[in-house]
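Reader: I am new to this structure. Please show it to me, and then let me ask how its labels are earned.

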Amino acid sequence: MLDLQRLRALHAVSVHGTVGAAALALGYTPSAVSQQIAKLERETRTVLLEREGRGVRLTDEAKHLAAAAQELLAIVERAETELEERRGRPAGRLTVAAFPSAARGLMPGVLAELGRRHPALDARLCEVDPHLSVDLVAKGAVDLAVAHDWDIAPLPAPPGLEQAVIGDDLCDLLVPEGHPFAGRTGVRREELGGERWICQPPGRVCHDWLLRTLRTAGHEPDIVHQADENPTLVALVAAGLGVALIPRLGRGPLPAGVVAVALDPMPVRRLYALWRTGAARRPAIAETVRVLGELWPGAAAHPPR
């Protein structure tokens with residue numbers, strides 16, 4: 001009989017693409033995941049992973065087995081949901097995927113509160129970009145995702161998922177002290193032409209939003225510096241190297257040399273919790289969504305300096 005944990009490891013590799021990413025999502029070490037796959041290969045007498053450059057790829061047999069594993073894991077999830085529902089209290093493991101600023105500014109308080117209220121619940125965090133997290137929920141790789149969209153780029157919700165609004169995260173224009181906008185109470189989007197921009201790399205939601213917003217206002221943005229993390233973007237602004245649009249969630253206090261200016265209209269990104277419809281009855285899901293909503297006002301309360 002095939003071992004469910006080994007099938008879970010294979011499924012995680014198929015979803016996340018690498019052994020290292022699968023290990024991070026499962027809370028294992030990469031060597032532990034590799035050992036699980038190796039044992040599964042011996043059990044099935046089948047080669048499942050092949051080397052490809054620095055990474056691995058699934059063989060055709062592994063892809064079929066991973067698809068079957070997804071079906072089995074969905075059955076297990078339904079059984080666990082029914083059992084937890086009968087008990088009437090959150091319990092078991094719950095994996096939450098959140099994008100970086102939510103992982104930093106919202107989830108520590110949420111996880112701590114869940115642990116305080118429900119000792120039998122093992123809630124775990126996985127930091128993932130929002131455009132990836134929705135797919136991870138749909139494939140059963142995580143139980144719940146905290147994702148976001150922007151006012152001009154709505155978040156698509158695939159069939160089979162449910163969602164709830166957590167709250168709205170406001171975004172400020174950050175400029176160096178001495179910048180012409182630094183003494184202003186507000187700046188219109190039409191005034192943003194000619195600025196040197198600091199933002200996240202292409203493919204990120206914030207990058208795409210910046211391009212669409214400025215082009216809609218008639219400007220082609222001059223992006224001079226790119227970095228993944230918001231603290232790095234803020235540091236580049238503090239050095240006088242450009243301006244940036246950065247949300248308040250997880251931003252923390254601004255350092256000396258940086259001024260936040262309101263943009264008119266104010267950019268807004270909306271945060272959502274998403275989970276599979278089949279798990280909607282699970283008390284752990286309902287409680288986590290409730291705590292996210294309870295703690296959101298405090299997490300979002302970061303007015304500009």
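Reader: Which residues of H2 meet which residues of H3?

Author: Val19, Gly20, Ala23 and Leu26 in H2 meet Pro30, Val33 and Ser34 in H3. Contact means heavy atoms within 4.5 Å. This is a predicted model: local features need pLDDT of at least 70, side-chain atom pairs count only at pLDDT 80 or more, and totals for chains, interfaces and linings use all residues. Numbering starts from 1 along each chain as its sequence is written, and side-chain values use heavy atoms, leaving out hydrogens and water.

Reader: Why is H2 called roughly perpendicular to H3?

Author: The two helices pack at an angle of about 105°, with axes 8 Å apart. Roughly perpendicular covers 65 to 115 degrees, so H2 earns that label against H3. Axes here are lines fitted to C-alpha atoms over the stretch in contact, and angles run from 0 to 180 degrees between N-to-C directions.

Reader: What makes Arg45 exposed?

Author: Its relative accessible area is 77%. Exposed means over 50% (1.4 Å probe, protein chains only), so Arg45 qualifies. Arg45 sits in the loop between H3 and strand S1 (49-52).

Reader: What is the phi of Arg45?

Author: Phi is near 55°, a positive value in a residue other than glycine. Most residues other than glycine have a negative phi.

Reader: Which residues does the cis peptide bond join?

Author: That bond joins Asp264 and Pro265, with omega about 0°. Pro265 lies in the loop between strand S11 (258-264) and strand S12 (268-276). Most peptide bonds are trans.

Key:
Helices (H or I, at least four residues) and strands (E, at least two) are DSSP runs, numbered from the N terminus. Angles under 35 degrees count as roughly parallel, over 145 as roughly antiparallel, 65 to 115 as roughly perpendicular and the rest as oblique. Buried means under 20% relative accessible area, exposed over 50%, partly exposed in between (1.4 Å probe, protein chains only).
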